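Here are a few exercises to work through with the model open. Try each task before you read its solution.

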Amino acid sequence: MSSLSGKRILVTGAGSGIGRAAARLFAERGAELVLVGRRLKALKETLPKALCVSLDHSNDEAVAAFAAQCPQLDGMFLNAGQFLNGGVESSPISTFDQMVAANLRGPWLMCHHLGAKLKNGASVVCTGSNIGLRAIPDSAAYSISKAGVHMLAKVLALEWAPRKIRCNAIAPGPIRTAMVDARLNSSKDRRADLARLSKVNPLQRLGLEVEVAALAAHLLSDESAWTTGCVIPVDGGADAVY
Ligand SMILES: NC(=O)c1ccc[n+]([C@@H]2O[C@H](COP(=O)([O-])OP(=O)(O)OC[C@H]3O[C@@H](n4cnc5c(N)ncnc54)[C@H](OP(=O)(O)O)[C@@H]3O)[C@@H](O)[C@H]2O)c1
């Protein structure tokens, strides 16, 4: 089990889903948490005793102001994101703008402004997506924004290597969170779509939030000290299959 004892770790999107499960797991493993999201009440419900910060991570001025007063960090789990469906031709440009802002501009700004707050030897994990690795229909802007997150992690692995700061991305397959529920709500046949989502990987089921959180905990811990610049699928084997 990866120990996070004595580490101060920031988690974005910590008020729900994968981020909430991760924050709770990191706390169980000894970390002190800084929780970030737009809904303060949801963050408090995740961990009442943690430092909770209401912040839109895509707002440059707001992230800069937060960074000025943020304490030194041993790690960041840059996990916040949003999903909108649509293809390149079928999506309005507002969909592209929203996906890039929520999924790529946000982690970029967090790294841009908070890089100076990372201790030497820190670790950063970004949440990408398995559909940022492989294309599927009807998710164009989301997939493109997540592919950008994967490259952001690689670029930062190079930039931060002199300070021994590591940066990796994880690429989850479908996990049953509010994001997937919202996607299913717009489906014409919810049950069929859920069954189809469960069958896209060899293990034939959706993932659990804590299964993603456990990989992030490993990458934030010292036991992954030689792992940087990677994009690691956590998807029941979907990435292995043509
Ligand atoms: N669920 C899946 O199947 C799946 C698969 C692959 C990747 N992912 C990725 O996993 C991450 C977590 O998603 P989830 O499934 O746990 O969904 P979720 O429950 O909807 O969580 C997304 C979180 O991001 C926060 N957020 C969104 N926009 C934000 C912004 N502009 N500034 C700050 N926080 C923001 C939300 O909090 P507020 O609303 O309070 O801001 C929310 O807590 C996302 O990056 C998602 O793309 C999910």
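**Exercise 1.** Work out the strand order of the open sheet and the sense of its pairing.

*Solution.* Step one: the order of the 7 strands is β3-β2-β1-β4-β5-β6-β7, and they pair in parallel. Strands here are DSSP runs (E, at least two residues), helices are runs of H or I with at least four, and both are numbered from the N terminus; two strands pair if DSSP finds at least two bridges between them. Step two: β3 (51-54) and β7 (231-234) are the edge strands, each pairing on one side only. Step three: from one strand to the next, the twist averages 20°.

This is a predicted model, where local features need pLDDT of at least 70 and side-chain atom pairs count only at pLDDT 80 or more, while totals for chains, interfaces and linings use all residues. Numbering starts from 1 along each chain as its sequence is written.

**Exercise 2.** Find the bridge partner of valine 11 in β4, then see which helices pack there.

*Solution.* β1 (residues 8-12) and β4 (residues 73-78) pair in parallel over 3 bridges, and valine 11 partners phenylalanine 77. Next, α1 touches β1, β2 (32-37), β4 and β5 (118-127), its direction making about 170° with that of β1. α4 lies across β1, β4 and β5, at about 170° to β4. Contact means C-beta atoms, placed from the backbone, within 7 Å; axes are lines fitted to C-alpha atoms, for helices over the stretch in contact, with angles from 0 to 180 degrees between N-to-C directions.

**Exercise 3.** Which residues come nearest the ligand?

*Solution.* Of 30 residues around the ligand, they're Gly13, Gly17, Arg38, Gly81 and Thr177 (near means a C-beta atom, placed from the backbone, within 6 Å). α1 (17-28), α4 (93-114) and α6 (178-185) each give two or more residues to this shell.

Technical notes
Two residues are in contact if their C-beta atoms, placed from the backbone, lie within 7 Å.
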